[in-house]
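Grab a pencil and work through a few exercises on the model shown here. Try each task by yourself before you read the solution.

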Amino acid sequence: MNDRTFTLGIVGARGHTGAELIKLVAAHPRLQLAFVSSRERAGQRLGDHHPEVQGELRYENLDADAVAAKGVDAVILALPNGLAAPFVAAIDAARPETVIVDLSADYRFEGSWYYGLPELTRSGYNGERHISNPGCYATAMQLAIHPLLDLLAGPPQCFGVSGYSGAGTSPSDKNNPELLADNLMPYALTNHVHEREVSAHLRVPVEFMPHVAPHFRGITMTVNLWLNQVQAREQIVACFNEAYAGEPLVEVVDEAPWVSRIAGRHGVQIGGFTMAPGGKRVVVVATLDNLLKGAATQAMQNLNLALGIDELASIPH
């Protein structure tokens, strides 16, 4: 059995997701962290911020050409939307066999990129070296809707609430704990990028209303689904159990899951299945950690798949 070690670089390593990725890589039996790029922390020792990392590796401020010149087996881009293209172009020119996992929205609508929501798309993976990681809200929505796609009578309505870590580290109203205290902040109530993303990948229109809450991490996604035929609750639950049988990171539960119970965990909980009178409307609740299954954990699943490693290597489950 081939058990070679692969080299990996992370661009955008200072952010919340970058920090979770570093933890996962430190626990990985076959990945070696070759570089971490961060403008703000350039020169600082990685181990001073992440005690789980041994050695003298330091943050570097690397532009696209400098990242490409590293010649690593894989690169994870954990950058804000709109910044990935120069890195992709430089890496492709220098070493086209490099696996690139992009965590931004930049390539989620690009047909030549593999869209990596493993529980729904891994059967369609065909050796692509370019992998687009789904959005955190989009992961929760798709996993909550997908088992009922054939039963939909109209667009699912999705009410999403995220912890403020989803707004990143750059200061804004949406990650200001003082403004969020005792508050729920609605934003981008139509045409959110994740609304477009889910509509594109599930091939059905989806309506999404996002909100930010005062907690730091975790997403609650409450989805209202109108059905084209009368269903009993047991039939709905059976659809989900069948869809996610054998999926270690998706847990189908009876009660509506709580976001406080998913924080720091690598999987998704889906439950609460509540039928309206008449049996043609059901409400489903999904929770996940936006920094883990919504970002870093999913990136690791995708990277493992692309490198021919056990998909759950380094992921507690």
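The exercises below go from the whole chain down to single residues.

Some ground rules: this is a predicted model, where local features need pLDDT of at least 70 and side-chain atom pairs count only at pLDDT 80 or more, while totals for chains, interfaces and linings use all residues. Residues are numbered from 1 along each chain as its sequence is written, and side-chain values use heavy atoms, with hydrogens and water left out.

**Exercise 1: the whole chain**

Work out whether the radius of gyration of the protein chain agrees with that of a compact globule.

Step 1. Start with the rule: the radius of gyration is taken over C-alpha atoms, and the globule estimate is 2.2 Å times the number of residues to the power 0.38.

Step 2. For 317 residues that gives a value near 20 Å, and the protein chain has 20 Å, so the two agree.

Step 3. Now add the outline. Along the principal axes, the C-alpha atoms fill a box of roughly 60 × 50 × 30 Å.

Step 4. Then count the elements: the chain has ten helices and 14 strands. Helices (H or I, at least four residues) and strands (E, at least two) are DSSP runs, numbered from the N terminus.

Step 5. Finish with burial. Buried residues make up 55% of the 317, where buried means under 20% relative accessible area, exposed over 50%, and partly exposed in between (1.4 Å probe, protein chains only).

**Exercise 2: two domains**

Find the bounds of the two domains and say how many residues each one gives to their contact.

Step 1. Domain 1 covers 6–133 + 295–307, and domain 2 covers 136–288. These bounds come from an automatic or database domain assignment.

Step 2. The contact takes 16 residues from domain 1 and 21 residues from domain 2, with contact meaning heavy atoms within 4.5 Å.

Step 3. As for spacing, the C-alpha centres of domain 1 and domain 2 lie 26 Å apart.

Step 4. Check the record too: UniProt, in an unreviewed entry, places "domain: Semialdehyde dehydrogenase NAD-binding" at residues 7–125. UniProt positions are in the numbering used here, feature names are shortened, and annotations may be inferred rather than shown by experiment. That span is 29% helix and 20% strand, and its end C-alpha atoms lie 22 Å apart.

**Exercise 3: two helices**

Compare how H1 and H8 are buried, and name what covers them.

Step 1. Take H1 (residues 16–26). Eight of its eleven residues are buried, so the helix is largely enclosed by the rest of the structure.

Step 2. Look at what H1's buried residues pack against: the list includes strand E1 (6–11), strand E2 (31–37), helix H2 (46–49) and H10.

Step 3. Move on to H8, where the buried residues are His194, Glu195, Glu197, Val198 and Leu202. Seen down the axis of H8, they fall within an arc of 160° (from the directions of the C-beta atoms off the helix axis), so they line one face of the helix.

Step 4. Cover for that set includes strand E6 (114–115), helix H6 (136–145) and strand E10 (207–212).

Step 5. Don't skip the end: Arg203 follows H8 and has a positive phi, near 65°.

**Exercise 4: the annotated active site**

Is Cys136 buried or exposed, and which residues does it touch?

Step 1. The "active site" label at Cys136 comes from UniProt (unreviewed entry). Cys136 sits in helix H6.

Step 2. Its relative accessibility is 15%, so Cys136 counts as buried.

Step 3. Not counting residues up to four places away in sequence, Cys136 touches His194, Ile219, Leu288, Asn290 and Gly294. His194 is also one of the buried residues of H8.

**Exercise 5: positive phi without glycine**

Asn191 and Ser314 both have a positive phi; where does each one lie, and is it buried or partly exposed?

Step 1. Asn191 isn't a glycine, yet its phi is about 65°. Asn191 lies in the loop between strand E9 (185–186) and helix H8 (193–202).

Step 2. At 46% relative accessibility, Asn191 counts as partly exposed.

Step 3. Ser314, likewise not a glycine, has a phi of about 75° and belongs to the segment after helix H10 (292–307).

Step 4. With a relative accessible area of 17%, Ser314 is buried.
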